[in-house]
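This report is meant for a reader who is meeting the structure for the first time. Please look over the sequence and the model before reading on.

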Amino acid sequence: AQCWMKENLKTTHYSNGATITQGQLSTSSYIPCGGQKYYYRYNDADSNIATYGLLYSWAAVMNGAGSSSNNPSGIQGICPSGWHVPSSAEWCELENYVEPGIDVNCNSTGYRGSMAKKLAKPELWTTYNQNSFAPGYWHTDTIGFNTSGFSAIPGGRYKIYYNSNGSSYNSASYGNINWEGYWWSCTLDNNDYVYYRYLSYSNSGVYMTYTKNFLTSRTDYYAFSVRCIKN
């Protein structure tokens with residue numbers, strides 16, 4: 001049985017003591033092609049760490065490890081000793097445990113299922129009273145939230161925008177705190193796209209999608225939350 005961390009990762013060091021570089025909005029608008037191991041505090045504020053955890057570049061999450069589609073992934077990466085970074089297949093195992101029969105073969109992108117409320121910790125989400133299965137509904141009725149124990153919170157994301165020829169717009173931003181939560185996997189599709197998941201305050205499903213692998217191709221650069229799984 002899977003045992004997931006109950007809160008977003010907050011570490012600033014790897015298990016061997018090596019330091020992860022702290023990124024900031026004012027200094028990280030230009031990131032060399034190839035990726036960098038960065039963590040970010042939402043809005044560059046220490047006050048956000050305790051509740052929301054930290055946001056990490058995928059390079060920081062993997063710490064030099066290759067992609068894994070295995071279950072369990074076998075990738076320690078940024079996780080503490082005795083824990084590992086979840087693969088997309090492990091995310092699918094969680095989703096099918098919470099809502100049996102949803103995307104059994106783990107090949108459907110976009111919003112899947114109606115389990116978001118069961119995964120969401122019933123605090124912090126922006127209010128949304130038009131969907132009783134959405135995380136934002138907790139302002140209206142808290143019944144049925146977080147029955148999975150996953151305790152998802154909307155920690156937002158960090159993003160740097162690039163134009164098509166790879167030169168930076170010098171545009172970086174934090175966004176979507178209290179609206180959405182984003183979590184990395186350690187799985188690449190065709191060695192080019194990194195799978196991740198997110199939950200939205202207004203939608204009942206879990207969104208599976210991918211972003212260009214920043215390790216191999218310059219594109220929009222993201223930092224997301226991380227949840228580790230116990231070995």
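## A sheet of four strands

In strand E9, Ser200 is the bridge partner of Glu180, and this pair is a useful place to enter the model, which is a predicted one. Strands E8 and E9 pair in the antiparallel sense, over seven bridges, and they form a hairpin with three residues between them, where Asn190 in the turn has a positive phi of about 55 degrees. Strand E9 (residues 193-200) also pairs with strand E10 (residues 206-212), again in the antiparallel sense and over six bridges. Within that pairing Tyr198 stands opposite Tyr207 of E10, and E9 and E10 form a hairpin of their own, with five residues between them.

These pairings belong to an open sheet of four strands in the order E5-E10-E9-E8, with antiparallel pairing. Strand E5 (110-112) and strand E8 (180-189) stand at the edges, and because each has a single partner strand, one side of each is left without a neighbour in the sheet. From one strand to the next, the twist averages 30 degrees. In general, the strands of a sheet pair through backbone hydrogen bonds, either parallel or antiparallel.

## Buried elements: E9 and H3

How far is strand E9 enclosed by the rest of the structure? Seven of its eight residues are buried, so E9 is largely enclosed.

Helix H3 (residues 88-98) is likewise mostly covered, with eight of its 11 residues buried. The buried residues of H3 are Ser88, Glu90, Trp91, Cys92, Leu94, Glu95, Asn96 and Val98. Asn96 has a relative accessibility of 16%, and it counts as buried because the cut-off is under 20%. Leaving aside residues up to four places away in sequence, Asn96 touches Gly101, Ile102, Asp103 and Val104.

## Two nonpolar cores

The largest nonpolar core has 27 residues, and those with the most contacts inside it are Tyr56, Val61, Ile78, Trp184 and Val226. Helix H2 (58-62), strands E8 and E9, and strand E11 (221-224) each supply at least two residues of this core. A second, separate core holds 19 residues, among them Trp4, Trp91, Ala116 and Val206. As a general tendency in soluble globular proteins, nonpolar side chains are buried together.

## Cavities and their lining

How many cavities of 30 Å³ or more does the structure hold? There are two of them, and the second largest contains about 50 Å³ of space. The lining of this second largest cavity is made up of Trp91, Leu94, Glu95, Leu119, Phe150, Trp183, Arg197, Leu199 and Val206.

Which element gives the largest share of that lining? Helix H3 does, with three residues, while H3 and E9 each supply at least two residues of the lining of the second largest cavity. Trp91, Leu94 and Glu95, which are among the buried residues of H3, appear in this lining, and both Trp91 and Val206 are also named in the second, separate core.

Technical notes:
Residues numbered from 1 in each chain as written. Predicted model: local features only at pLDDT ≥ 70, side-chain atom pairs only at ≥ 80, totals over all residues. Heavy atoms only, no water. Buried < 20%, exposed > 50% of the residue type's maximum accessible area, 1.4 Å probe, protein only. Contact = heavy atoms within 4.5 Å. Pairing = 2+ DSSP bridges. Axes fitted to C-alpha atoms, helices over the stretch in contact; angles between N-to-C directions. Core = buried A, V, L, I, M, F, W, Y, C linked by side-chain atoms within 4.5 Å. 1 Å grid on protein atoms, 1.4 Å probe; cavity = no way out; pocket = protein on both sides within 12 Å on 5 of 7 lines; lining within 4 Å. Points joined across faces, edges and corners; volume = space filled by probe spheres on them.
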